[in-house]
Structures are given as structure tokens and as C-alpha cells.
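Here is a friendly walk through one model, written for someone who likes to know the cut-offs behind each word. Please keep the viewer open as you read.

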Amino acid sequence: MKNLFLKLRYLLLAIVMILACYVYVYFAGDEYVCLVTNFRMSEDGAVPVAVIDDGGQDTLEILYLHIEGDTAYVKVRSKNPGRAFLTVISGDEETSTAVLYVHKNGIITHDDYFGDFTGSFIARVGLAVYLAILLMDLIIMYRRGLRKNLYLSRNILTCGLIIFMAGSLLLNLLELLTVQRMGILDVFGNFMSYLQTFAIFTMPIAVLMAILATVSNIRLLQREGRTWTNMLAIFLSLLLVIATFTPATVTYILQNSTLIDVHQYTGTGRFIGMFIENTAGIIVVYFECILAGSIILSIRAARHIPAFDKDYILILGCQMRKDGTPTKLLQSRIDRAVEFANMQKNATGKDIIFVPTGGKGKGEVISEAEAIKRYLVSQDIPESSIITEDKATNTYENFRKSVELIKKTSNKKAPKIAFSTTNYHVFRAGFLAAKQHIKAEGIGSKTKSYFFINAFIREFIATVYYKLKTHFLVFAVLMMINVAVTLMTYVSNVILS
């Protein structure tokens, strides 16, 4: 029951806040003050008069008319359901407000069936409070996730949602301070338009990142050769720039399209265009938030130093030279493991067992694990402090087979494990360990700057792929909101109006 409540807490919170706002609006919403701007008094000094035109439905009664400068304030009260037009007449001058709707519950809305109403400010404050609670909850979830396991994939999603929710809350607060009146549809519509605003504000960052990634990739191609893998940064840079400019481009195309007429207020084309624009915004913002979350978590994982209480440290293998000696990349992983062992020894006096892991690949003269072991011995690490796992063919197997080996040799029920790999690979390696319920902390070795960005992109793609179903689920929820907002706008503007 407790788990069910936790899963439904956001929905329950939303229902409670909606009911609280509705109770207030129900008792206060039968009266409304209309603002008639740009009002001009007649030159002959005629007394202004407010007139209701509702086709004889007797929908509203006027309580008072007040003039301040060029604005006329007309307070009305609901009587019967229906639609009415309000006109303020002063001699030969007359200015009409937008249409007023009286709902069956007596609530008056302005300009739209789901437009502004008395108490809308309370509803908007409630939305801001709800977003703030969600943001705080996400931050707490993120911190708990990091404490539980730094390498959980949901930490990336949570981090991305924090970025998105913080922007949404900021937009809502700015609207509360600058916009006095706003209907429910306007709130949701502006929330969806935030997606496009987000993309616009991230354009300079996206372009700068694309330039840096491209320059880095060119250096990589010059030094390491032209392969499809080495060109990932260029491809992602192009995708990032294209994606960032997509919402604005889609809007421009729709505004000048001859196939879809988006200019008629009640035309179907307007709502199709709205849905397409919002969809483009959703795709871009979600992609950018997940990318930002991945960057933050990857940097954090790469800079993390494990606690000095470890019994074993795995050294993840990678490609060797033809003569069986470690490449600089593999050597840096081994050196980092030795460095950590020395740090732990100096801090706590505790020794650590090295576990080189990696099988013999095609064209390799010895296994990666054997190459690592030989290098460790050359660094004065005694063979008694090394156990070798030489069957694994990938990172997933590195952890599984190494832990199986550790369990056979260790007399501890739950030995504490660290692992050493290259900095860009730490998060995904830790994720693959967590996926097997293996608790291990990673330490990252440095790599060449021009290699890091391209390698990180490869790791990012792999990490997203592992949780593709989760990302599709979140995206589906966002699309459902998009569909709901579009349908509500259509129903309000076309059917109910």
C-alpha cells in the first residue's frame, strides 16, 4: 500500500491542489471584473454605460462600472449559463471586451471557454507550488540516487528532469510577476511554448558545444585515422545544431506554408501546426536535458574517488599493441589503479588485490588480463596481490566473471570492490555493474582531450540505448500532455465557443 501511494503521490497531490483551487474558484468565480483597455470618454461628457448582449439569455448582471484613465473596470455577476458580449458606451465612443462565458456552475470565464476567471491567480500560484514540490522531490530523489549508487541510469533521467523542471518553474514565476490575467489554456499553452523558448536560449550553448566537439573530432581524425566511430562527435554536433534550430524552423515553415493554414483562429490547420510545433519542442528539450544530465553524471563519475576501504580493484581491459604490451590508454588504467592502491595504503594502511580482467581478442598474442598482470609486476606489484580473469569479452562480462572469481578466492561475505577504467567510461561501466547488482566504485584515468569528447558521445549513446524503453515512456507522457493541450484548445476555441 505504501509503495502504491509513493507511485501515485504526484497524481494525488495534483488532485488535492486542483480541488482546493476549485473550491475557492467555485465560491468566488460567479463574479468577474472585466478590463476594457484603450477606453476613450466621449468629448460631450456623456456618462459611460456598460451593455450586455447575450441574445436574451439573461446570462449576466452588471454590478458596477468604474473608469480609471483609459481603462474601464466592469464588474459582472453570473445568472444563467450562456455566452455574452460586453460593450462600454460613452456617447459616440464604444469599446467592446472579448466574449464572456458563464458555465453551468456559475463560474465566469473571459475571452475563452477555458479563459481567465476570478481566482485564476490562485490556480497559477498553486501550479507554481506544485512545480516547486516536484522540483524539490526530484532533487531529493537525485541525492538519494547518488548515495545509493552513483551509476544508476535513472540518475541521468532525474538530473535532466531537474533541469527541465527548474526552467518550467522559473517561467511560471516570471509569468506570475509580469502577467496579471491568464486562463487555464494559456498556462498550459505557455508551458508548451516554454519548450521552444528553452531551445532558443540553448542555441548559443549548443552551437559552442558543436564547434568544440567538431574541432576536437578533427584533431582525433588527424591523429587516429578516419573511421565512422571517430566521426561520432561531428555527427552529434550536426544533430545538436539541427535539433536546436528545429522548433524555430518548424514555426517559420508553418507560418509560410500553403499546405496547412495556421492563421485562421478556428481553423483545423492552426491546431495541427500547434501540435507539430510542440512536438518539435518536446523532442529537442528532452534530448538536450538528457544530454546535459549525461554530461553532469559522467563528469561526476570520472572525478569520483572511491572510499579507501576496498578489498579488490578491477582493471578493465582494452585493446593492446600487437606485441602484447599495453597501449597508453590501457597503461593509464593500470597506473590509475596502482595510484588508488597507494592512496588507500597511505590513508588506511589497507592493502588491495588487483584483478586484471579481459580475454584474448582476435589478433592479440595474449589476453588483456595477462598484459595487465605483466605490467603490474613490472611496477613491483607482487603476484600474490594479483588474480587474473582472462575470459571476459566485454565490460558486462568483465564484472560478472571477475566477481565470480573474487567469490571463489575471498573469505569475505561481501568484499568491497573498486574498478579502474578511462574517465569517459566510468559511468557506463558502473552502470553495467549496477545492472548485475554488483556494488563497485569506479576511478577514472585521464585520456587525451581530443579523444575524450568522441569517446563520451559513444558512451552516451550506449547508456541511452540501455534504457531506451524508459526514455520512450517519458517521451510518451510528454506527447500525451501535448495531445491533451491541443485537444483542449480545439474544444474551447471551436466547439464550446
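The text below goes from the whole chain to two sheets, then to a pocket and one histidine.

This is a predicted model, in which local features need pLDDT of at least 70 and side-chain atom pairs count only at pLDDT 80 or more, while totals for chains, interfaces and linings use all residues. Residues are numbered from 1 along each chain as its sequence is written, and side-chain values use heavy atoms, with hydrogens and water left out.

**The chain as a whole**

The chain contains 14 helices and twelve strands; these are DSSP runs (helices H or I, at least four residues; strands E, at least two), numbered from the N terminus. Of its 497 residues, 47% count as buried, meaning under 20% relative accessible area, with exposed over 50% and partly exposed in between (1.4 Å probe, protein chains only). Contact is taken as heavy atoms within 4.5 Å. Among contacts between residues at least 6 apart in sequence, 70% join residues at least 24 apart.

**Two open sheets**

Strands pair here if DSSP finds at least two bridges between them. Angles are taken between N-to-C directions and run from 0 to 180 degrees, using axes fitted to C-alpha atoms, for helices over the stretch in contact.

One open sheet has four strands in the order β10-β9-β11-β12, paired in parallel. Its edge strands are β10 (353–357) and β12 (440–445), each pairing on one side only. Neighbouring strands of this sheet are turned by 25° against each other on average, direction ignored.

The other open sheet has three strands, β1-β4-β3, with antiparallel pairing. Here β1 (31–36) and β3 (60–68) have a single partner strand each, so one side of each is left without a neighbour in the sheet. The twist averages 20° from one strand to the next.

Two strand pairs, one from each sheet, can be set side by side:

| Pair | Sense | Bridges | A facing pair of residues |
|---|---|---|---|
| β9 (312–316) and β10 | parallel | five bridges | Leu 314 and Val 355 |
| β1 and β4 (71–78) | antiparallel | six bridges | Tyr 32 and Val 76 |

**A closer look at β9**

Five of the five residues of β9 are buried, so this strand is largely enclosed by the rest of the structure. Tyr 312, Leu 314 and Leu 316 point one way, and Ile 313 and Ile 315 the other way. In a regular strand, side chains alternate between the two faces of the sheet. Tyr 312 stands opposite Ile 353 in β10. Helix α11 (395–409) lies across β9, β10, β11 (417–422) and β12, and runs at about 150° to β9.

**The second largest pocket**

The second largest pocket holds about 860 Å³ of space. A pocket is an open set of points on a 1 Å grid over the protein atoms alone where a 1.4 Å probe fits, with protein on both sides within 12 Å along at least five of seven lines; lining residues have an atom within 4 Å of a point. Grid points are joined across faces, edges and corners, and the volume is the space filled by probe spheres set on the points.

Of its 32 lining residues, Cys 318, Gln 319, Thr 327, Leu 329 and Tyr 424 are the closest to the centre. Helices α9 (328–348), α11 and α13 (449–466) each supply at least two lining residues. The lining divides into seven nonpolar, 13 polar and twelve charged residues, where Ala, Val, Leu, Ile, Met, Phe, Trp, Tyr, Cys and Pro count as nonpolar, Asp, Glu, Lys and Arg as charged, and the others, Gly among them, as polar.

**His 425**

Is His 425 buried or exposed? With a relative accessible area of 6%, His 425 is buried. This residue is found in the loop between β11 and α12 (426–435). Leaving aside neighbours within four places in sequence, His 425 is in contact with Leu 316, Arg 333, Thr 395 and Glu 459.
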